Amino acid sequence: MGIPLKNKEGIARMREACAIASTVLYQLKDLVRPGVTTFDLDQAGREFMAKLGARSACYGYQIGSRRFPAHTCISVNEEVVHGIGSLKRVLHDGDLVSLDVVVWANGYIGDNALTMPVGLISPENEKLLHVTEEALRIGVAQAQIGHRIGDISHAIQTHVEANGFSVVRDLVGHGVGISMHEEPQIPNFGKRGKGDVIKPGMTLAIEPMVNRGGHRTKTLSDGWTVVTTDGSPSAHFEHTVLTTERGPEILTVPRSTTASVHALTALPA
Ligand code: MF3
Ligand code: CO
């Protein structure tokens, strides 16, 4: 087996899927405000994906005998990941909400997530968001040819812990491509110089999950929602990254609008 390396066509399709995943994530971000339910956000996510010719890779995703029942993962406050949108969950001023969008387009998967404030949040939660997003950037920067997966893990852990927070151990980042979870696993903790060597053509979902309190988590009785054991708030940021000789390339960015701008300029007056 080993880590799948994507060829030219695979990379083109990954770009497509990741651009869609990012576009949908930003469309959802625009809808977040006090009063909206997590069900509304999930339904909007389903529609945004459909409009872009994609569908959710989460919906129906199977672990054991359970199938994930929603189209996106929406996790509030002490929920770390895999929250299920619900009409009963209304977002309030001061909440943190994590949006995780995984799309399937033309046989390839793009995976990305962010956590954002609802209205005004506490300075400690502001710091949590900031440090977790920085940890993602710092982790991505380690995805260089010749480095090892442990270099990513170590860089993330070091940054998070230097800021007084803890990294979740029970869930990890992962390779992504024709399946949502491919090799390698990418823990957000570990040792420099350990793990697989990074080669060109890997597509990696790097995703620090950071708790304000302890690192421990548990899964709620719905079988999916992962929460911090101590109830402390948690944040999650994720990008799908392509490894290249020129360095890591973040694929989960909205598609450039250059082409359509040119098309418009070319139109007769
Ligand atoms: N980004 C999450 C992951 O990498 C998405 C999980 S979707 C679910 O695991 F279907 F597993 F909920
Ligand atoms: Co992921």
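**Chat about a cobalt site and its surroundings**

Visitor: Hi! Starting with Ser232: buried or exposed?

Guide: Ser232 counts as buried because its relative accessibility is 10%, and the cut-off for buried is under 20%. Bear in mind that this is a predicted model.

Visitor: Thanks. Where is the place of Ser232 in the chain?

Guide: Ser232 sits in the loop between strand S14 (226–228) and S15.

Visitor: And which side chain does the side chain of Ser232 make a polar contact with?

Guide: That would be Asp230: the two side chains are in polar contact at 2.8 Å.

Visitor: What about Ser234, buried or exposed?

Guide: Ser234 counts as buried, with a relative accessibility of 2%. Ser234 belongs to strand S15.

Visitor: How far apart are Ser234 and Glu126 in space?

Guide: From C-alpha to C-alpha they are 11 Å apart, while 108 residues separate Ser234 from Glu126 in sequence.

Visitor: Let's go to the metal. Which residues are the protein donors of the cobalt ion?

Guide: For the cobalt ion (ligand 2), they are Asp111 through OD, His174 through NE2, Glu207 through OE and Glu238 through OE, at 2.1 to 2.3 Å. Along the chain these donors follow the spacing D-x62-H-x32-E-x30-E.

Visitor: Where do Glu207 and Glu238 lie?

Guide: Each is in a loop between two strands: Glu207 between strand S11 (203–206) and strand S12 (209–211), and Glu238 between strand S15 (234–236) and strand S16 (239–242). The pair therefore ties together parts that are 31 residues apart in sequence.

Visitor: Are Glu207 and Glu238 buried or exposed?

Guide: Both are buried.

Visitor: What angles are found among the donor atoms of the cobalt ion?

Guide: The six donor atoms make angles of 63 to 167°, and the site of the cobalt ion (ligand 2) is irregular.

Visitor: Why is it called irregular?

Guide: Six donors count as octahedral if opposite donors are over 155 degrees apart and all others between 65 and 115; anything else is irregular. The range here begins at 63°.

Visitor: Good, that helps. Now ligand 1: which residues come nearest?

Guide: There are 13 residues around ligand 1, and Cys58, Asp100, Asp111, His174 and His181 come nearest. Asp111 and His174 also appear among the protein donors of the cobalt ion (ligand 2).

Visitor: What distances separate ligand 1 from side-chain N or O atoms of Asp100, His174 and His181?

Guide: For Asp100 it is 2.7 Å, from a nitrogen atom of ligand 1. An oxygen atom of ligand 1 is 2.8 Å from the side chain of His174, and an oxygen atom of ligand 1 is 2.9 Å from that of His181. The protein covers 96% of the 330 Å² of accessible area that ligand 1 has on its own.

Visitor: His174 keeps coming up. What does His174 stand opposite?

Guide: Its opposite number is Ala205 in S11. Strand S9 (residues 173–175) pairs with S11 in the antiparallel sense over two bridges.

Visitor: In what order do the strands of that five-strand sheet run?

Guide: The order is S10-S9-S11-S16-S17, in an open sheet with antiparallel pairing. Strand S10 (182–186) and strand S17 (249–250) are the edge strands, each pairing on one side only.

Visitor: Which residues does the cis peptide bond join?

Guide: Glu183 and Pro184, with omega about 0°. Pro184 is found in strand S10.

Visitor: Which strands stand at the edges of the three-strand sheet?

Guide: That open sheet has the order S8-S12-S15, again with antiparallel pairing. Strand S8 (166–167) and S15 stand at the edges with a single partner strand each, so one side of each is left without a neighbour in the sheet. In the pairing of S8 with S12, Val167 has Val210 as its bridge partner.

Visitor: Last topic: S6 and S7. How many bridges join them?

Guide: 10 bridges join strand S6 (residues 96–105) to S7, and the two run antiparallel. Nine of the 10 residues of strand S7 (residues 108–117) are buried.

Visitor: And which residue in the turn has a positive phi?

Guide: Asn106, at about 50°; S6 and S7 form a hairpin with two residues between them. Asn106 is exposed, with a relative accessible area of 56%.

Terms used. Residues are numbered from 1 along each chain as its sequence is written. Chains are lettered from A and ligands numbered from 1 in the order in which they are written. This is a predicted model: local features need pLDDT of at least 70, side-chain atom pairs count only at pLDDT 80 or more; totals for chains, interfaces and linings use all residues. Side-chain values use heavy atoms; hydrogens and water are left out. Donors are N, O and S atoms within 2.8 Å of the metal (3.2 Å for Na, K and Ca); water is not among the atoms, so sites may look incomplete. Four donors count as tetrahedral if all angles lie between 85 and 135 degrees; four count as square planar and six as octahedral if opposite donors are over 155 degrees apart and all others between 65 and 115; anything else is irregular. Helices (H or I, at least four residues) and strands (E, at least two) are DSSP runs, numbered from the N terminus. Buried means under 20% relative accessible area, exposed over 50%, partly exposed in between (1.4 Å probe, protein chains only). A residue is near a molecule or strand if one of its heavy atoms lies within 4 Å of it. A polar contact is a pair of N or O atoms within 3.5 Å; within protein, one must be able to donate a hydrogen and the other to accept it, and residues adjacent in sequence count only if both atoms are side-chain atoms. Accessible areas come from the Shrake-Rupley method with a 1.4 Å probe; for residues, only the protein chains shown count as cover. Two strands pair if DSSP finds at least two bridges between them.
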